[in-house]
Amino acid sequence: MKFETLAIHKGNQVTDKNQPVVQPITLSTTFIHGNETGALYTRAANPNRSSLEELIAVLERGEDAAAFSSGNAAGTAVFQALEAGSHIIAPNDMYHGLHNSMTMLFKGVHEVTFVDMSDLDAVKAAVQPNTQLIWVETPSNPLLKVTDIRKVAEIAKEAEAILACDNTFATPVFQNPLLLGADIVMHSSTKYFGGHSDILGGALVTKEKNDFWGRVRLVQKVGGAVPSAMDCYWLTRSMRTLAYRMKGHGEHAMILAEYLSVHPKVDKVHYPGLKSHPGHEIAAGQMTGFGGVVSFEVKGGAAEADLLIQNLKLFANATSLGGVESIIERRAAVEGPDTLTPPNLIRVSVGLEHTDDLLEDLDQAFAIL
């Protein structure tokens, strides 16, 4: 079956004797001993979570998936599953929540080297004898840098390290890292999987069920950072429309990127769909679409960027992305004093509003600068 068909049918596992068209929500936290499915306690397994995990695994072309209560919980589970003293190579441009997880929660447990993942020589030079994990995020957050997954997979294989890829920005609609050589894929399902800014969740997908994946599953079960049955139900429901939403997000993002790329009050646009983007060719070779996030740098500084955002009417000035509504923020203000993000950079999660309305809103806001 094709992606759209799988998204609609694969996560809809109905066991109710009344045979409803849509899978019911199983809210019980515990189950009768000796039941047919072997379910015991909802932290270990739940019918709605099992459906969600199977759906995500199939869409990402993996063997198994594990759902978590947030994207941070999912990523952190990978770091927890590593042996103490492991060395991690990670992007110098990445989601700050997972950056903080590496540098704060695992300070003194693991060693981390941050490099420009678009520079393969830098990645190779960072490999150490105890390198156990190479973490990739492509396109990256918030500079939309592109990493050549195939080439980094070769480096990881030679180093006998695990290659994990945060695929949140691309989603399996536009990119399948496991088919490009990655071992594990991570998602913040809060974003495009949920798609409506009302569900918190995360997920990991593995290429194969090996010993390391067993440790990830142990972290999930014993640590207990799992999504509720209700959240799993809503995620599975939302993912039915993922393919069509992503097509809209991608088309709209390209229109805004092209508009911004020629705007006299914009210094630089970061979007891999633009041919001027340094990673465009690599992105075109490993993606079928370029995603719904655009970042741009306003001429001037933080004050000019803040003024632009304040005068927009349709773009919500908020943190997060992937919702049907357009969301905008000055990213450095959120990431804190240690950020490497330019102070005048604005990140836009381009929504599904009509692009004429979005461009009109941007026109009137730019006119104030």
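Biologist: Between which two elements is the loop in which Pro142 lies?
Modeller: The structure is a predicted model. Pro142 is placed in a loop that follows a strand spanning 131–137 and precedes a helix spanning 149–159. The flanking elements are therefore, by DSSP runs numbered from the N terminus, strand E4 and helix H6.

Biologist: Which residue is joined to Pro142 by a cis peptide bond?
Modeller: The peptide bond in question has an omega of about 10 degrees and is cis. Pro139, found in the loop between E4 and H6, also takes part in a cis peptide bond, with Thr138 and an omega of about -10 degrees. For Pro142, the partner is Asn141.

Biologist: Is Ser140, in the loop between E4 and H6, buried or exposed?
Modeller: Ser140 has a relative accessibility of 2%. The cut-off for a buried residue is under 20%. Because 2% falls under that limit, Ser140 counts as buried.

Biologist: With the side chain of which residue does the side chain of Ser140 make a polar contact?
Modeller: Leaving aside residues up to four places away in sequence, Ser140 touches Lys145 and Phe169, among others. The polar contact is made between side chains, at 2.5 Å. The partner of Ser140 in this contact is Asp93.

Biologist: What span, from first C-alpha to last, does H2 reach?
Modeller: Helix H2 covers 47–59 and has 13 residues. At 1.5 Å a residue, the expected span is 18 Å. The model comes close to that expectation, with a span of 19 Å.

Biologist: Which residue caps the N-terminal end of H2?
Modeller: The cap is formed by a side-chain oxygen that lies 2.8 Å from the backbone nitrogen of Asn48. Asn48 is itself one of the buried residues of H2. The capping residue is Asn46.

Biologist: Which helices are included in what covers the buried residues of H2?
Modeller: The buried residues of H2 include Leu52, Leu55, Ile56 and Leu59. Strands E1 (64–68) and E7 (202–206) are part of their cover. The helices included in that cover are H1, H7 (171–174), H8 (211–223) and H9 (229–239).

Biologist: What distance separates the C-alpha atoms of Ala44 and Lys221?
Modeller: Ala44 is found in the loop between H1 and H2, and at 37% relative accessibility it counts as partly exposed. Ala44 touches both Arg49 and Lys221. Although Ala44 and Lys221 are 177 residues apart along the chain, their C-alpha atoms are separated by 5.2 Å.

Biologist: What is the approximate area of the nonpolar surface patch that includes Leu27?
Modeller: Leu27 lies in the loop between H1 (3–9) and H2. At 57% relative accessibility, Leu27 counts as exposed. Together with Ile25, Met230 and Trp234, Leu27 makes a nonpolar surface patch of about 350 Å².

Biologist: What phi does Glu160 have?
Modeller: Glu160 is placed in the loop between H6 and strand E5 (162–166), and at 71% relative accessibility it counts as exposed. A positive phi is also taken by Arg61, just after H2, at about 65 degrees. Glu160 is not a glycine, yet its phi is positive, at about 55 degrees.

Biologist: Which residue in the loop between strands E10 and E11 has a phi near 120 degrees?
Modeller: Strand E10 covers 316–317 and strand E11 covers 327–330. The phi near 120 degrees is a positive value in a residue other than glycine. The residue is Ser320.

Terms used. Residues numbered from 1 in each chain as written. Predicted model: local features only at pLDDT ≥ 70, side-chain atom pairs only at ≥ 80, totals over all residues. Heavy atoms only, no water. Patch = residues over 30% accessible without salt bridge, like charges linked within 9 Å, V, L, I, M, F, W, Y side chains within 5 Å. Areas by Shrake-Rupley, 256 points an atom, 1.4 Å probe, with all protein chains shown as cover. Salt bridge = Lys/Arg side-chain N within 4 Å of Asp/Glu carboxyl O. Helix = DSSP H or I, 4+ residues; strand = E, 2+ residues; numbered from the N terminus. Buried < 20%, exposed > 50% of the residue type's maximum accessible area, 1.4 Å probe, protein only. Contact = heavy atoms within 4.5 Å. Polar contact = N/O pair within 3.5 Å; in protein donor to acceptor, adjacent residues only side chain to side chain. Expected span 1.5 Å × (residues − 1).
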